[in-house]
Amino acid sequence: MPDPRQLMRNLQGFRDPQPGRSLWELGITLIPFLGLFATIIVAADAGYLFALALTPLAGLFLLRLFIIQHDCGHGSFLRNRASNDWFGRMLGVFTLTPYDCWSLSHARHHAMTGNLDKRGFGDVDTLTVREYCEKSRTQRLGYRLYRHPLILLGFGPAYLFLLRHRLPVGLMKEGWKFWVSALGTNLATLAILAVLIWLVGFGVTLAAFLPTLLFAASMGVWLFYIQHQFPQAYWESKSDWSFAEAALMGSTHLDLPPVLRWFTGNIGIHHVHHLSSTIPFHRLPEVLKAHPALRDLNR
C-alpha cells in the first residue's frame with residue numbers, strides 16, 4: 001500500500017482548477033440536461049411511456065450536475081472561492097440541494113470518515129457488531145430496515161431530496177446562512193416549477209420532474225453507500241484514527257465502464273478524492289495513470 005501521507009504530498013500537482021475545462025464540463029452537462037428535460041415535457045404531453053423512457057438519461061445528467069456542484073463545494077471547480085460558491089448555489093436549485101448546508105455537512109463527512117467516535121454527520125449510519133448486539137430487538141429491526149436496499153435506495157433518497165433538504169436539518173442552530181441556503185433554494189426551485197406548471201400544467205410538470213429527480217437521487221445515494229461500505233473498510237477509534245489512512249483505506253475505487261465514469265464525474269475514484277478533495281473531478285483519471293498502484297486498491 002502506498003504511504004498515504006507521502007501520497008497526499010505527491011498529489012498536490014493535480015489540484016489546480018482549470019476554469020476553461022470546468023466551464024466546458026458544465027456546458028456539456030447542463031445544456032443536454034435542459035434539452036432532455038424539455039423533450040420529456042413535450043413527450044409526456046403526447047404519451048407518457050416515451051417520456052418515462054428518457055428519464056434515466058436525464059437523471060444521469062442531473063447526477064453529473066450534482067458532481068459538478070460537489071466540486072464547487074471542495075473549491076476545485078474554479079479558482080475563486082466566491083465563484084465556486086455561486087455556481088454551486090445555482091446548481092443546487094436543479095439538484096434540490098441547498099449548497100451551503102450540504103457543503104458544510106460534506107466537509108464534516110470528509111473530516112470524519114472512518115472515525116468511530118465521529119459518526120453520524122453526512123454519512124450512512126453504521127454500527128459496530130458490539131453496538132448492534134447491545135441494541136434491543138426493535139432497534140435492530142429498525143437498523144436492518146434502514147439499511148435494506150428498498151429503504152436505502154428507494155424511500156431514503158426521496159425523503160432526503162424532497163423533504164430533509166427543505167430545511168437545514170442538523171444546522172438549524174448554526175446561523176442564519178444555512179436557513180437562507182435552504183429556504184432560498186426552495187424558493188428558486190419553486191419559481192422554476194411554477195413557471196413550468198403555468199406553461200404545461202401540474203401533471204406534466206410532475207411527470208417530468210419527479211422520476212428524473214428520484215432516479216438521480218437513488219443513483220447518488222447508491223454511489224455514496226458503496227464508496228464507504230465495503231469489507232475491510234478503515235474504521236478506528238479517535239485515538240488511533242489517521243485522516244490520511246482513513247481517506248485512502250476507507251473509500252473504494254469503483255471501477256465503472258467509461259460511459260458511467262463520465263456521468264458520475266469519476267467519483268468512483270473515491271479513495272483519491274478523499275485523500276485530496278481539491279483535485280478537479282476530470283483530473284482524477286490522471287492520478288491513476290501517474291500512480292498505477294492505486295488502480296487495484298479497494299477496487
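How many cavities of 30 Å³ or more does the structure hold? In this predicted model, the structure holds two of them, and the sections below describe these cavities, an annotated span and several salt bridges.

## The largest cavity

The largest cavity has a volume of about 160 Å³, and its lining is made up of 17 residues. Among these lining residues, H109, T113, D123, H228 and W235 are the ones that lie nearest the centre of the cavity. When the lining is sorted by class, it holds seven nonpolar residues, seven polar residues and three charged residues.

## The second largest cavity

The second largest cavity encloses about 30 Å³ of space, and the residues that line it are H110, T113, W241, F243, A246, A247 and H274. Helix α11, which covers residues 243–249, supplies the largest share of this lining, namely three residues. By class, the lining of the second largest cavity has four nonpolar and three polar residues, while charged residues are absent from it.

## The annotated span

An unreviewed UniProt entry places the feature "domain: Fatty acid desaturase" at residues 51–291. In the model, this span is 66% helix and 0% strand, and the C-alpha atoms at its two ends lie 43 Å apart.

## Salt bridges between separate parts

The structure holds 12 salt bridges, one of which joins the side chains of R79 and D16, with a distance of 3.3 Å from N to O. Because R79 lies in the loop between α3 (48–73) and α4 (81–95), whereas D16 lies in the loop between α1 (4–10) and α2 (19–46), the pair ties together parts that are 63 residues apart in sequence. R79 counts as exposed, with a relative accessibility of 58%, and D16 counts as partly exposed, with a value of 41%.

Another salt bridge is formed by D100 and K177, whose closest N and O atoms are 3.9 Å apart. Since D100 belongs to helix α5 (residues 99–112) and K177 to helix α9 (residues 176–200), this pair ties together parts that are 77 residues apart in sequence. D100 is buried at 9% relative accessibility, whereas K177 is partly exposed at 42%.

## A salt bridge within one helix

R21 and E25 also form a salt bridge, and their closest N and O atoms are 2.7 Å apart. Both residues are in helix α2, and because they are four residues apart there, about one helical turn separates them. R21 is partly exposed, with a relative accessible area of 35%, but E25 counts as buried at 4% relative accessibility. Together with R64, the residues R21 and E25 are linked in a network of salt bridges.

Technical notes
Residues are numbered from 1 along each chain as its sequence is written. This is a predicted model: local features need pLDDT of at least 70, side-chain atom pairs count only at pLDDT 80 or more; totals for chains, interfaces and linings use all residues. Side-chain values use heavy atoms; hydrogens and water are left out. On a 1 Å grid over the protein atoms alone, a cavity is a set of points where a 1.4 Å probe fits but cannot get out, and a pocket is an open set with protein on both sides within 12 Å along at least five of seven lines; lining residues have an atom within 4 Å of a point. Grid points are joined across faces, edges and corners, and a volume is the space filled by probe spheres set on the points. Ala, Val, Leu, Ile, Met, Phe, Trp, Tyr, Cys and Pro count as nonpolar, Asp, Glu, Lys and Arg as charged, and the others, Gly among them, as polar. UniProt positions are given in the numbering used here, feature names are shortened, and annotations may be inferred rather than shown by experiment. A salt bridge is a side-chain nitrogen of Lys or Arg within 4 Å of a carboxyl oxygen of Asp or Glu. Buried means under 20% relative accessible area, exposed over 50%, partly exposed in between (1.4 Å probe, protein chains only).
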